[in-house]
Amino acid sequence: MSPVLTSPIKVGHIDDVQELRKCKPTVIPERFVRDMTERPVTACSAQDVPVINISKLGDGEKEISRLADACENWGFFQVVDHGIDFDLLERIEKVGMEFFMLPVEEKQRYAMAPGTVQGYGQAFVFSEDQKLDWCNMFALGLEPRYIRNPKLWPRRPAHFSETVETYSTEIRKLCANLLKYIAMSLGLKGNVFQEMFGSAVQAVRMNYYPPCPRPDLVLGLSPHSDGSAITVLQQGKGNSVGLQIFKDDKWVPVLPLPNALVINIGDTLEVLTNGKYKSVEHRAVTHEDKDRLSIVTFYAPSYEVELGPMAELVDENNPCKYKRYNHGEYNKHYITNKLEGKKTLEFAKIRPENSN
């Protein structure tokens, strides 16, 4: 989420989807219409994504074993009894919605510059002919403090910055706690990731998906995996079901549990675990009549950290699958490419012909 210096990027005209919605278009602008192979055909029925009770993780092996199974076989799970006050969850949703409901002129004071990922607009757009997502985003770098851009922190709505600060502090504690138990699920010391990550990088992104008159033609968010170690997703209470994960060669909707948070494994943890825990492609779809808000927190190692498969997870039966690399360089690679499945992780994979 750090600012990235790029050469001038021509992205063409990008319609604001909320403003489009106000016009109630009968025809979707061509830049939003997906090719036939990308359109969100009816997904399979929702499956029960694993649910982990964080308060039970310290009680013994049973819940940690369930966590290991969720990480290895799903890459996604929901957490309950996470210790974050429900009132705070409601407050962050409230200020998020209030921001997106501001006049477009006000929101564009915090516009996301092409080639960067902080501010208001659409991220990961790098060409004039690139298909656009039916979504408005607002993203902020949080930690370490030097990645923040103070000019992008809005003055309206009231208490926005204060609420984001409080929320992000609690989510950071949750991430550190989860990584402790994820380490234990791998048979490692609980503090291994904390010591490795250093000053962990944290960013937040709010996604707003207005209703779309032709949800069969568009995507709310393109299929991708996350570059983080772990990602925390809060889905707006009472919103339409929009998150889908790619499992067993099909798209599976994720039904949110009340006051639960959705966790997913990112590319970084896939590399560190030598592929034992894999990041999973996911996407967002839209609804004809209902809008949707999601609040996403990305948690990753310091940009200075060198990453590669952990020695404890490499042996004769599990040879090293990824090369070592600098996380800051990977982050630049990730945010300067469009969202396209797990393509951004390809550079780190060791090809069989080069493995000798």
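Author: Before we place a residue in a loop, we need to know how the elements around the loop are named: helices (H or I, at least four residues) and strands (E, at least two) are DSSP runs, numbered from the N terminus. The model we are reading is a predicted one.

Reader: With those names in hand, where does S302 lie, and is S302 buried or exposed?

Author: S302 sits in the loop that runs between β12 (292-300) and β13 (306-307). Buried means under 20% relative accessible area, so S302, at 8%, counts as buried. If residues up to four places away in sequence are not counted, S302 touches F197, S199, A200, V201 and H327.

Reader: Let me try another loop residue, then: which residues is H82 in contact with?

Author: H82 is placed in the loop between β2 (76-80) and α3, and with a relative accessible area of 10% H82 is buried. Leaving aside neighbours within four places in sequence, H82 is in contact with I54, L89, L174, N259, A260 and L261. The C-alpha atoms of H82 and Q234 are separated by 12 Å, with the two positions 152 residues apart along the chain.

Reader: How should I read a pair of packed helices, and at what angle do the axes of α3 and α5 cross?

Author: Two packed helices are described by the angle between their axes and by the distance between the axes. Here helix α3 (residues 86-100) and helix α5 (residues 160-185) have axes that come within 10 Å and cross at roughly 140°, and they are therefore oblique to each other. The crossing of α3 and α5 is left-handed. On the α3 side the contact is made by L88, L89, R91, I92, V95 and F99, and on the α5 side by F160, T163, V164, T166, Y167 and E170. By class, the contact of α3 with α5 has eight nonpolar, two polar and two charged residues.

Reader: And how far apart are the axes where α2 packs with α5?

Author: The axes of helix α2 (residues 61-73) and α5 are 9 Å apart, at an angle of about 90°, and α2 and α5 are therefore roughly perpendicular to each other. In this contact I64, L67, A68 and C71 of α2 meet Y181, I182, M184 and S185 of α5. By class, the contact of α2 with α5 divides into seven nonpolar residues, one polar and no charged.

Reader: C71 is a cysteine, so how many disulfides does the model have?

Author: A disulfide is a covalent bond between the sulfur atoms of two cysteines. Taking a pair of cysteine sulfur atoms within 2.5 Å as the rule, the count is zero disulfides. C71 is in no disulfide, the nearest cysteine sulfur being that of C175, 13 Å away, and C71 is buried at 1% relative accessible area. C135 is likewise in no disulfide, with the sulfur of C212 nearest at 12 Å, and C135 also counts as buried, at 1% relative accessibility.

Reader: Turning to the backbone, which residue is joined to P144 by a cis peptide bond, and what is phi for D249?

Author: Most residues other than glycine have a negative phi, and most peptide bonds are trans. A cis peptide bond joins E143 and P144, with omega about -10°, and the bond from R156 to P157 is cis too, with omega near 0°. P144 is in the loop between β4 (136-143) and α5, and P157 is also found between β4 and α5. Phi of D249 is near 65°, a positive value in a residue other than glycine; D249 lies in the loop between β8 (243-247) and β9 (250-253) and is exposed, with a relative accessible area of 70%. D81, in the loop between β2 and α3, has a positive phi of about 50° although D81 is not a glycine.

Methods. Residues are numbered from 1 along each chain as its sequence is written. This is a predicted model: local features need pLDDT of at least 70, side-chain atom pairs count only at pLDDT 80 or more; totals for chains, interfaces and linings use all residues. Side-chain values use heavy atoms; hydrogens and water are left out. Buried means under 20% relative accessible area, exposed over 50%, partly exposed in between (1.4 Å probe, protein chains only). Axes are lines fitted to C-alpha atoms, for helices over the stretch in contact, and angles run from 0 to 180 degrees between N-to-C directions. Angles under 35 degrees count as roughly parallel, over 145 as roughly antiparallel, 65 to 115 as roughly perpendicular and the rest as oblique. A crossing is left-handed if the near helix is turned anticlockwise from the far one by less than a right angle, and right-handed if clockwise. Contact means heavy atoms within 4.5 Å. Ala, Val, Leu, Ile, Met, Phe, Trp, Tyr, Cys and Pro count as nonpolar, Asp, Glu, Lys and Arg as charged, and the others, Gly among them, as polar.
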